[in-house]
Amino acid sequence: MERHFTGTTILSLGVRSGHTVNAHYVLKAETGYYNSSPDAFRLWAKHYYQCRLSFQYSDPFSPVPYFLLCRAIELQFKAVHLEVQRQAQVKKSFGHNLVKSYSALPAAYQTLSPEQFSLLDRANKIYSSKGFEYMNVGDALRGFSNFPDLQALDALTEALLGR
């Protein structure tokens with residue numbers, strides 16, 4: 001959330017459940033505005049990825065790992081955008097569209113091979129329409145064959161977060 005302020009602002013962050021919060025990871029202060037920190041987005045991207053790594057399920061299929069990986073990718077891309085844009089603009093420009101966000105990254109960050117980009121595009125078609133969050137009967141009837149390869153998406157996410 002972006003807010004305009006004038007004068008001197010003192011930031012006070014609470015302590016909850018024994019955890020302290022470093023202001024640097026929450027806000028990036030600029031003249032006249034405060035913005036979500038790119039570091040916070042990178043940190044949360046890693047948290048989503050860690051959740052994926054520890055996620056266990058006994059059913060034959062779950063969309064949850066796909067969601068966790070795509071959210072991690074989304075936050076990683078948005079962290080880069082937040083280096084030069086305000087959060088409101090990043091949200092408006094990209095929403096949850098991974099391909100649009102990736103394509104707008106500086107050239108130095110656009111390092112995906114054609115195969116990796118194709119994988120990102122395939123995941124994005126489902127993720128950007130909330131297909132990993134809500135059951136789609138058509139996906140189930142197709143045996144989720146339109147979903148990307150989970151191991152490949154795992155490897156892609158790990159590579160993107162390792163930058």
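**View 1. Phe 147, a buried ring.** At 5% relative accessibility, Phe 147 counts as buried. The cut-off for that label is under 20% relative accessible area. The model shown here is predicted. Phe 147 sits in the loop between α7 (137-141) and α8 (150-161).

**View 2. Phe 132 against Phe 147.** The ring centres of Phe 132 and Phe 147 are 5.1 Å apart. Their planes meet at 75°, so the pair is edge-to-face. That label needs planes over 60 degrees apart. Phe 132 lies in the loop between α6 (114-127) and α7, while Phe 147 lies in the loop between α7 and α8. The pair therefore ties together parts that are 15 residues apart in sequence. Phe 132 and Phe 147 are both buried.

**View 3. Phe 61 against Phe 147.** Here the ring centres of Phe 61 and Phe 147 lie 5.4 Å apart. With the planes at 70°, this pair is edge-to-face. Phe 61 belongs to the loop between α2 (38-54) and α3 (64-82). Phe 147 belongs to the loop between α7 and α8, so the contact of rings ties together parts 86 residues apart in sequence. Is Phe 61 buried, partly exposed or exposed? Its relative accessibility is 27%, so Phe 61 counts as partly exposed. Partly exposed covers the range between the 20% and 50% cut-offs.

**View 4. The aromatic cluster.** Which residues join Phe 61 and Phe 147 in one aromatic cluster? They are Tyr 66, Phe 132 and Phe 144. Ring pairs are counted when the centres lie within 6.5 Å. By this rule the protein has twelve aromatic pairs. Among them are Phe 61 with Phe 147 and Phe 132 with Phe 147.

**View 5. Leu 53 in helix α2.** Leu 53 is part of helix α2. At 53% relative accessibility, Leu 53 counts as exposed. The cut-off for exposed is over 50%. Leu 69 is 16 residues from Leu 53 along the chain. The C-alpha atoms of Leu 53 and Leu 69 are separated by 9.5 Å.

**View 6. The whole chain, for context.** The protein has eight helices and three strands. Along the sequence they follow the pattern β-α-β-β-α-α-α-α-α-α-α. The chain has 163 residues, and 35% of them count as buried. Take the contacts between residues at least 6 apart in sequence: 61% join residues at least 24 apart. The exposed area is about 9,900 Å². Carbon and sulfur atoms supply 55% of that area.

Methods. Residues are numbered from 1 along each chain as its sequence is written. This is a predicted model: local features need pLDDT of at least 70, side-chain atom pairs count only at pLDDT 80 or more; totals for chains, interfaces and linings use all residues. Side-chain values use heavy atoms; hydrogens and water are left out. Rings of Phe, Tyr and Trp (its six-membered ring) pair if their centres lie within 6.5 Å; planes under 30 degrees apart count as stacked, over 60 as edge-to-face and the rest as tilted. Helices (H or I, at least four residues) and strands (E, at least two) are DSSP runs, numbered from the N terminus. Buried means under 20% relative accessible area, exposed over 50%, partly exposed in between (1.4 Å probe, protein chains only). Contact means heavy atoms within 4.5 Å. Accessible areas come from the Shrake-Rupley method with a 1.4 Å probe; for residues, only the protein chains shown count as cover.
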